[in-house]
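Me: Please take me through this protein chain in questions and answers, beginning with the pairing of its strands.

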Amino acid sequence: MGFDYRDLTPDLILDALAQTGLVIDSGLTALNSYENRVYQFHDEARRRYVVKFYRPGRWRREQILEEHAFTALLAAEEIPVATPLAFDGETLLEYQGFHFALWPSLGGRAFEMDNLDQLEGVGRWLGRLHEVSSVHPFQHRPQLDVATMLEEPRHLLASGEWLPRSLAKPFFGVLDELIAHVREAMSLEVEQISLHGDCHPGNILWRDGPLLVDFDDCRTGPAIQDLWMLLSGDRQERMMQLDALLAGYEEFMELDRRELRLIEPLRAMRMVHYMAWLARRWSDPAFPRHFPWFNTGAYWEQQLKAMQEQLLALREPPLSLTPAW
């Protein structure tokens with residue numbers, strides 16, 4: 001919990017990269033990542049690479065290797081995903097206690113969430129991904145569940161002095177009500193498959209079609225987890241987006257319509273998990289620097305309001321497909 005990357009110096013990074021045989025011909029450009037440390041650089045042939053140093057203690061070695069094997073499996077099926085490079089047959093390297101991996105730096109423009117054609121294209125590849133992943137269950141990656149996404153975060157937030165005392169009682173009262181609603185919703189028995197796990201628009205590049213990147217949070221869960229973060233706007237807009245997404249998705253994989261009931265529960269889980277993630281990482285100096293609004297009274301008032309609104313969303317009818325005209 002207290003790890004803060006102070007030992008990951010520029011010299012250590014360069015020494016670690018040197019053991020790959022690559023000759024670095026540029027400085028290291030830090031990319032937007034807080035959980036891990038990620039840098040871009042050029043080699044002497046002006047080829048661009050990305051190196052990720054995994055946060056020690058977060059994943060076991062076999063879990064990281066399973067992430068790498070998952071992307072290799074998908075790429076072998078011609079699904080457009082970013083896969084790590086192998087050096088002497090190894091994709092996961094180690095130097096002075098740090099695990100790291102390298103990828104070719106792949107360019108692309110941002111995925112346009114409001115572009116229904118692009119959304120259908122993303123849906124098509126997610127359907128293909130799930131068609132493959134549904135018959136290749138994870139052995140080491142975690143399960144998306146209420147315990148890790150809600151109950152453990154609640155315990156963490158309650159065990160520290162994160163909230164102003166005046167807000168603690170109403171905050172945890174609403175949080176407990178939220179957890180009860182989500183626990184009941186997530187008791188729905190649906191198929192659990194191997195997922196990207198964090199399929200938000202920032203993890204999709206567009207290169208004449210989608211490219212899925214960053215499988216750091218891949219895990220087992222319901223298929224809808226890889227779809228719901230691609231929906232935004234008001235209810236009517238989200239229904240249109242869902243139509244487009246499933247038009248592509250169901251060319252390969254039929255979605256169990258009951259899973260639409262899980263969209264708001266999954267959103268609630270992500271919301272609470274994010275609060276606890278910030279608390280858990282607060283001793284890392286990068287977090288107070290980049291998230292200065294966390295741990296303020298205004299932040300917790302905002303989160304209390306957001307949870308109250310999410311309770312209302314949990315009580316609304318789930319999304320459904322728009323009728324064909």
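Me: Which residue in S3 stands opposite Val38?
Reply: This is a predicted model, in which local features need pLDDT of at least 70, side-chain atom pairs count only at pLDDT 80 or more, and totals for chains, interfaces and linings use all residues. Residues are numbered from 1 along each chain as its sequence is written, and side-chain values use heavy atoms, with hydrogens and water left out. Strands are DSSP runs of E with at least two residues, helices are runs of H or I with at least four, and both are numbered from the N terminus; two strands pair if DSSP finds at least two bridges between them. S2 and S3 pair in the antiparallel sense over six bridges, and the residue opposite Val38 is Lys52.

Me: In the hairpin of S2 and S3, which residue takes a positive phi?
Reply: His42 in S2 stands opposite Arg48 in S3. Five residues lie between the two strands of this hairpin, and the one with a positive phi, near 65°, is Arg46.

Me: What is the order of the strands in the open sheet?
Reply: S1 is joined to S2 by two antiparallel bridges, and S3 is joined to S5 by five, again antiparallel. S4 is joined to S5 by three bridges, also antiparallel. The open sheet of five strands therefore has antiparallel pairing and the order S1-S2-S3-S5-S4.

Me: Which strands stand at the edges of this sheet?
Reply: An edge strand here has a single partner strand, so one of its sides is left without a neighbour in the sheet. The two strands in this position are S1 (29–30) and S4 (93–95).

Me: Which residue in S2 stands opposite Thr29?
Reply: S1 and S2 form a hairpin with six residues between them, and S2 covers residues 37–42. The residue opposite Thr29 is Gln40.

Me: What are the bridge partners of Phe53 and Tyr95 in S5?
Reply: S5 spans residues 98–104 and forms a hairpin with S4, in which two residues separate the strands and Gln96 in the turn has a positive phi of about 50°. For Phe53 the partner in S5 is Phe100, and for Tyr95 the partner in S5 is Phe98.

Me: How many residues of S5 are buried?
Reply: Buried means under 20% relative accessible area, exposed over 50%, and partly exposed in between, with a 1.4 Å probe and protein chains only. In S3 (residues 48–53), five of the six residues are buried, so that strand is largely enclosed by the rest of the structure. The same count, five of six, holds for S2, so S2 is largely enclosed too. S5 is mostly covered, and of its seven residues the number buried is six.

Me: What is the radius of gyration of the protein chain?
Reply: The radius of gyration is taken over C-alpha atoms, and the globule rule is 2.2 Å times the number of residues to the power 0.38. With 325 residues, a compact globule would come near 20 Å, and the value for the protein chain, which agrees, is 21 Å.

Me: How much of the contacts in the protein chain comes from residues 24 or more positions apart?
Reply: A contact means heavy atoms within 4.5 Å. Taking the contacts with a separation of 6 or more, the share of residues 24 or more positions apart is 72%.
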